[in-house]
Amino acid sequence: MDGMVLEENDEVRAVPYSEKITDRSIVECRITGKDDRGIYNALDLETEYTFNGHCVGDPRKIKLTDDMILKVWRD
């Protein structure tokens with residue numbers, strides 16, 4: 001992240017479920033805040049849709065550390 005400070009609603013590509021970075025382990029997430037230990041609260045935006053694009057529920061709440069975040073998008 002090169003020292004970038006993330007803000008609420010920033011969208012990031014991250015690897016929250018695996019230590020190995022592959023096309024299948026990278027997911028899109030939205031930052032929802034930061035806890036008192038410096039770990040980001042986020043929503044895994046890819047858990048709410050099936051492969052056909054149908055919504056199946058609310059996004060999964062996850063925790064992200066700086067080393068899990070690969071890329072940041074900001075509007």
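1. The sheet in this predicted model is open and built from five strands, ordered β4-β3-β2-β1-β5 with antiparallel pairing. Strands here are DSSP runs of E with at least two residues, numbered from the N terminus, and two of them count as paired if DSSP finds at least two bridges between them. At the edges sit β4 (60-64) and β5 (69-73), each of which pairs on one side only. From one strand to the next, the twist averages 40°, with axes fitted as lines to C-alpha atoms and angles running from 0 to 180 degrees between N-to-C directions.

2. Strand β1 (residues 11-14) is a nice one to look at. Four bridges link β1 to β5, antiparallel, and four bridges join β1 to β2 (residues 27-34), again antiparallel.

3. For landmarks, try Glu11: its partner in β5 is Trp73, and its partner in β2 is Arg30. Val12 stands opposite Val72 in β5.

4. In a regular strand, side chains alternate between the two faces of the sheet. Along β1, Val12 and Ala14 point to one face and are buried (under 20% relative accessible area with a 1.4 Å probe, protein chains only). Glu11 and Arg13 point to the other face and are not buried.

5. A word on conventions: residues are numbered from 1 along each chain as its sequence is written, and side-chain values use heavy atoms, leaving out hydrogens and water. Local features need pLDDT of at least 70 and side-chain atom pairs count only at pLDDT 80 or more, while totals for chains, interfaces and linings use all residues.

Terms used:
Buried means under 20% relative accessible area, exposed over 50%, partly exposed in between (1.4 Å probe, protein chains only).
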